[in-house]
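Please read the report below alongside the sequence and the coordinates. It takes up enclosed and open space, one helix and one loop residue in turn.

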Amino acid sequence: MKTTAPAALPSAVLFDMDGTLVDTEVLWWETAREVAAGLGHRLSDADAPEVVGRAVADTAAHLIGVTGADPSELPAAAAELTDSFFRKVDAGAPLRPGAAALLASLEAAGVPFALVSASPRSVVDAVVAGSLAGVDFAFTLSADDTVRTKPHPDPYRAAAERFAADPAACVAVEDSPDGTASADAAGCAVLVVPSLLPVAPGQGRTFARSLEEVDLGVLADCLRRP
């Protein structure tokens with residue numbers, strides 16, 4: 001009788017944080033809305049591609065540009081975004097549905113996993129010490145740990161290198177267009193679980209409506225998707 005060999009598990013699973021494991025995208029939008037209002041701009045859906053899933057510096061540059069503020073105000077806007085978001089996250093942010101169970105299943109199966117975020121180190125550390133306390137990440141990468149952050153490939157390339165793994169053997173779990181583009185460009189297979197912004201279909205992208213739908217078999221199948 002012919003049997004089918006079990007699908008190979010990923011060498012590593014690389015998780016985005018905001019909007020993927022932790023429900024912080026709404027907090028980030030609220031933060032950007034408050035900073036934008038202080039600059040005289042009412043945040044709208046038109047701003048979403050420049051805010052959701054973007055690094056602090058990118059969002060600050062967008063707000064300065066769209067309001068016509070003096071470019072010299074950019075550092076202050078970035079600092080206000082970081083400080084305000086940190087306070088909101090530090091007050092507590094819930095895990096996304098299915099996140100705890102998926103992380104536990106990876107740990108039980110011995111599949112290594114890491115956190116790869118476009119948030120500043122201060123925010124990443126606050127979430128890991130709070131909402132994600134006790135999760136055994138191999139390591140965490142923040143926007144401060146690579147020269148360029150998402151949507152550039154640097155964060156996911158750096159994470160694969162830390163695991164001494166081929167990016168093509170790793171699965172990145174993302175919720176945003178920029179994060180997905182970053183993982184794509186690094187050569188990772190991508191499991192997309194959209195949150196606030198839709199993500200377009202593409203080669204090497206697998207979609208799930210929620211992490212509650214994701215198990216080891218789904219992650220293995222991501223590696224086989226053309």
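What follows is a short report on a predicted model.

## The largest pocket

The largest pocket holds about 210 Å³ of space. Its lining is made up of 16 residues, and those that lie nearest the centre of the pocket are A55, A57, D58, A143 and T149. Helix α2, which spans residues 56-67, gives the most to this lining, with 3 residues. Sorted by class, the residues that line the largest pocket are 8 nonpolar, 4 polar and 4 charged.

## The cavity

Besides open space there is enclosed space to consider: the structure holds 1 cavity of 30 Å³ or more, and the volume of the largest cavity is about 150 Å³. The lining of the largest cavity consists of 16 residues, with D18, G53, R54, A118 and S119 the closest to its centre. By class, this lining has 6 nonpolar, 3 polar and 7 charged residues.

## Helix α4 and its two faces

Helix α4 runs over residues 99-109, and A99, L102, L103 and L106 are buried in it. These buried residues lie on the same side of α4 because they cover an arc of only 95° around the axis. The general geometry is in keeping with this: an α-helix has 3.6 residues a turn, so residues three or four places apart point the same way.

The cover over the buried residues of α4 includes the strands β1 (12-15) and β2 (113-116) as well as helix α8 (216-224). On the face of α4 that is turned away from the buried side, the exposed residues A101 and A108 are found. Just after α4, G110 takes a positive phi of about 75°.

## D23 in the loop before α1

D23 is placed in the loop between β1 and α1, the latter spanning residues 25-38. Is D23 buried, partly exposed or exposed? Its relative accessibility is 29%, and because buried means under 20% and exposed over 50%, D23 counts as partly exposed.

Once neighbours within four places in sequence are left aside, D23 is in contact with A93, P94 and R96. With R96 there is also a link between side chains, in the form of a polar contact of 3.5 Å that joins D23 to R96. As for V89, which is 66 residues from D23 along the chain, the C-alpha atoms of the two residues are separated by 9.6 Å.

Key:
Residues are numbered from 1 along each chain as its sequence is written. This is a predicted model: local features need pLDDT of at least 70, side-chain atom pairs count only at pLDDT 80 or more; totals for chains, interfaces and linings use all residues. Side-chain values use heavy atoms; hydrogens and water are left out. On a 1 Å grid over the protein atoms alone, a cavity is a set of points where a 1.4 Å probe fits but cannot get out, and a pocket is an open set with protein on both sides within 12 Å along at least five of seven lines; lining residues have an atom within 4 Å of a point. Grid points are joined across faces, edges and corners, and a volume is the space filled by probe spheres set on the points. Helices (H or I, at least four residues) and strands (E, at least two) are DSSP runs, numbered from the N terminus. Ala, Val, Leu, Ile, Met, Phe, Trp, Tyr, Cys and Pro count as nonpolar, Asp, Glu, Lys and Arg as charged, and the others, Gly among them, as polar. Buried means under 20% relative accessible area, exposed over 50%, partly exposed in between (1.4 Å probe, protein chains only). The arc is that of the directions from the helix axis to the C-beta atoms. Contact means heavy atoms within 4.5 Å. A polar contact is a pair of N or O atoms within 3.5 Å; within protein, one must be able to donate a hydrogen and the other to accept it, and residues adjacent in sequence count only if both atoms are side-chain atoms.
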